[in-house]
Amino acid sequence: MSENVIWHGTTIILVRKKNEVVVAGDGQVSMGNTIIKSTATKVRKIEKRNVIAGFAGSTADALTLFERLEAKLEKHAGNLTRAAVELAKDWRTDKYLRRLEALMAVGDKEKSFIISGTGDVLEPEGDVIGIGSGGNYALASAKVLMDTNLSAEEVAKKAIKVASEICVFTNDKIKIEKI
């Protein structure tokens, strides 16, 4: 495989509505113009700390970051804010981690963040986060749906569905985690 081949294909949406927090992701992984897999799991729950996360980017990199986030949550007694900041700091400064290419959307019952390898820990102004190739489509859809009677899970599913109809790197094989 050529080093110039770019892996595409993620839409992640995190929705916070009423007492429900949901992260949903599509299942498509593409390499160039080819769909490699349609049922990938890009969302995960850290059971012990009641934290959910979704990732956009390289799968191996994201799994490494999930493990690091879990370790940071353990070290900081489940404080998601502190764990996210410490992970972002390590990600930006560590010689090995700084090569990882991914974005994470994480949330617990109180807070939601986007964590990036550039050291950013962003808390959105609204109750919705969208990342990945179809993230902006899903984000726009979810923002409109937030004013309806739909649950957080229903908003997330519909948002991914809309993104799958617009973004060629997104499908409607949706995986969901919620707290």
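Which residues is Met104 in contact with, leaving aside its neighbours within four places in sequence? The exercises below start there.

This is a predicted model, where local features need pLDDT of at least 70, side-chain atom pairs count only at pLDDT 80 or more, and totals for chains, interfaces and linings use all residues. Residues are numbered from 1 along each chain as its sequence is written, and side-chain values use heavy atoms, with hydrogens and water left out.

**Exercise 1. List the contacts of Met104, then place Met104 in its core.**

Step 1. Contact means heavy atoms within 4.5 Å. Leaving aside neighbours within four places in sequence, Met104 is in contact with Ala53, Gly54, Phe55, Leu65, Phe66, Leu69, Leu87, Phe113, Ile114, Ile115 and Ile131.

Step 2. Next comes the core. A nonpolar core is a set of buried Ala, Val, Leu, Ile, Met, Phe, Trp, Tyr and Cys residues joined through side-chain atoms within 4.5 Å. Buried means under 20% relative accessible area, exposed over 50%, and partly exposed in between (1.4 Å probe, protein chains only). The largest nonpolar core has 21 residues. Met104 is among those with the most contacts inside it, together with Leu69, Leu73, Leu80, Val106 and Ile115.

Step 3. Now the elements. Helices (H or I, at least four residues) and strands (E, at least two) are DSSP runs, numbered from the N terminus. Two or more residues of this core come from each of β7 (51-57), α1 (59-75), α2 (80-93), β8 (102-107) and β9 (112-116). Helix α2 gives the largest share, 6 residues.

Step 4. Another core lies apart from this one. It has 15 residues, among them Ala24, Ala138, Leu145 and Ala159.

**Exercise 2. Describe the aromatic pair of Phe55 and Phe66.**

Step 1. Rings of Phe, Tyr and Trp (its six-membered ring) pair if their centres lie within 6.5 Å; planes under 30 degrees apart count as stacked, over 60 as edge-to-face and the rest as tilted. The structure holds 1 aromatic pair.

Step 2. The centres of Phe55 and Phe66 are 5.6 Å apart, and their planes make 80°. The pair is edge-to-face.

Step 3. Phe55 lies in strand β7 and Phe66 in helix α1, so the pair ties together parts that are 11 residues apart in sequence.

Step 4. Phe55 counts as buried at 3% relative accessibility. Phe66 is buried too, at 2%.

**Exercise 3. Work out the strand order of the open sheet and find its edges.**

Step 1. Two strands pair if DSSP finds at least two bridges between them. The open sheet has 4 strands in the order β11-β2-β3-β12, with antiparallel pairing.

Step 2. β11 (128-132) and β12 (175-178) each have a single partner strand, so one side of each is left without a neighbour in the sheet.

Step 3. Look inside the sheet. β2 (residues 11-17) and β3 pair over 6 bridges. Ile13 stands opposite Ala24 in β3.

**Exercise 4. Is Asp26 buried or exposed, and what does its side chain reach?**

Step 1. Asp26 sits in the loop between β3 (20-25) and β4 (29-31). At 0% relative accessibility, Asp26 counts as buried.

Step 2. A polar contact is a pair of N or O atoms within 3.5 Å; within protein, one must be able to donate a hydrogen and the other to accept it, and residues adjacent in sequence count only if both atoms are side-chain atoms. The Asp26 side chain reaches the backbone nitrogen of Thr11 at 2.8 Å. A polar atom of that side chain also lies 3.1 Å from the backbone nitrogen of Asn171.
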